[in-house]
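This report describes a single protein chain, beginning with one loop residue and ending with the chain as a whole. The sequence and the structure are shown below.

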Amino acid sequence: MVKKKRWAVVLGIPLLIGLGGFVYVWNLVSAHDETAMPTEKRDVAIVLGAALWEGKPSPALEERLQMALQLYKEKRVDVLLLSGGVGDDGISEAEGMKQYLVEEGVPVGALLLEEQARSTEENLRHARTLMKEKGHHTAYLVTHDYHIYRALKYAHKADVTAKPAAVHSEVLWMGFHKTRESLAVMKGSLFDW
């Protein structure tokens, strides 16, 4: 009986620590669930890429683009920096976003494309290079609320002065995305930051 209790303790303590850590990270990922639409003026909005479906923005990416469009139309930013590399569709996420926004009436001159990134970290690192080249200093990060925490960490690491423009999804299943994002935050805190 003592042996069973010992094993319960040996297995139970790490399990409780792991569960507590996951709950803590889940709360970080959920911190922007209620973030309101930003109101101050910034130089650019960095729109972080997501999937294209047959060359067109997926419903989740459309949500990000609608946020960017609102920031642009309300003159909160003058430039939309579209970040995302080439995926399975043969065109970059940035190019797919550009086509969508041009159809929505945004002039090509208000769009900057970053077409190399294949991760959130690369999105922000390459965006910083483009911002420096064009003389931009401040940005909004346009991405889904569950992704904001990690995106801001990478923005800080890349020396991008950014504030969140959190998209609250109506098309994504948050349980799946927050779980996946929580794991990504845990990995990032161990290896990237």
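## Glu-40 and its surroundings

Glu-40 counts as partly exposed because its relative accessibility is 34%, a value between the limits of 20% for buried and 50% for exposed residues. The model in which this residue is examined is a predicted one. Glu-40 is located in the loop that connects helix 1 (2-29) with strand 1 (44-48).

Beyond its neighbours within four places in sequence, Glu-40 is in contact with Arg-76, Tyr-140 and Lys-163. With Lys-163 there is a polar contact between the two side chains, at 3.0 Å. Tyr-100, by comparison, is 60 residues from Glu-40 in sequence and lies 25 Å from Glu-40 in space, C-alpha to C-alpha.

Tyr-140, one of the contacts of Glu-40, also has a charged residue over its ring. Arg-42 lies over the face of Tyr-140, 5.8 Å from the ring centre.

## The aromatic pair in helix 1

How many aromatic pairs does a search of the whole structure find? The search returns 1 aromatic pair. Phe-22 and Trp-26 form this pair, with 6.2 Å from centre to centre and 45 degrees between the planes. The arrangement is classed as tilted, because the angle is neither under 30 degrees, as for stacked rings, nor over 60, as for edge-to-face rings.

Phe-22 and Trp-26 both belong to helix 1 and are 4 residues apart, so about one helical turn separates them. Phe-22 has a relative accessibility of 22% and therefore counts as partly exposed. Trp-26 is likewise partly exposed, at 28%.

## Positive phi values in two loops

Most residues other than glycine have a negative phi. Glu-54 has a positive value, near 55 degrees. Its place is in the loop between strand 2 (52-53) and strand 3 (56-57), and Glu-54 is exposed because its relative accessible area is 80%.

Asp-159 also has a positive phi, near 65 degrees. This residue occupies the loop between helix 5 (145-157) and strand 7 (161-167). With a relative accessible area of 52%, Asp-159 is exposed, since the limit for that class is over 50%.

## Ser-169 and its polar contacts

Where in the chain is Ser-169 found? Ser-169 lies in the loop that follows strand 7 and leads to helix 6 (174-191). Its side chain makes a polar contact with the side chain of Glu-63 at 2.7 Å. The side chain of Ser-169 also reaches a backbone atom, the nitrogen of Val-171, at 3.0 Å.

When residues up to four places away in sequence are not counted, Ser-169 touches Glu-63, His-144 and Met-174. Glu-63 thus appears both in this group and as the side-chain partner in the polar contact at 2.7 Å.

## The chain as a whole

The chain contains 6 helices and 7 strands. In sequence order, these elements follow the pattern α-β-β-β-α-β-α-β-α-β-α-β-α. The C-alpha trace spans about 75 × 35 × 30 Å along its principal axes.

Of the 193 residues in the chain, 44% are buried. Among the contacts with a separation of 6 or more, 73% are made by residues 24 or more positions apart. The accessible surface of the chain is about 10600 Å², and carbon and sulfur atoms contribute 58% of that area.

Methods. Residues numbered from 1 in each chain as written. Predicted model: local features only at pLDDT ≥ 70, side-chain atom pairs only at ≥ 80, totals over all residues. Heavy atoms only, no water. Buried < 20%, exposed > 50% of the residue type's maximum accessible area, 1.4 Å probe, protein only. Contact = heavy atoms within 4.5 Å. Polar contact = N/O pair within 3.5 Å; in protein donor to acceptor, adjacent residues only side chain to side chain. Phe/Tyr/Trp six-rings, centres within 6.5 Å; stacked < 30°, edge-to-face > 60°. Lys NZ or Arg CZ within 6 Å of the ring centre and 35° of its normal. Areas by Shrake-Rupley, 256 points an atom, 1.4 Å probe, with all protein chains shown as cover.
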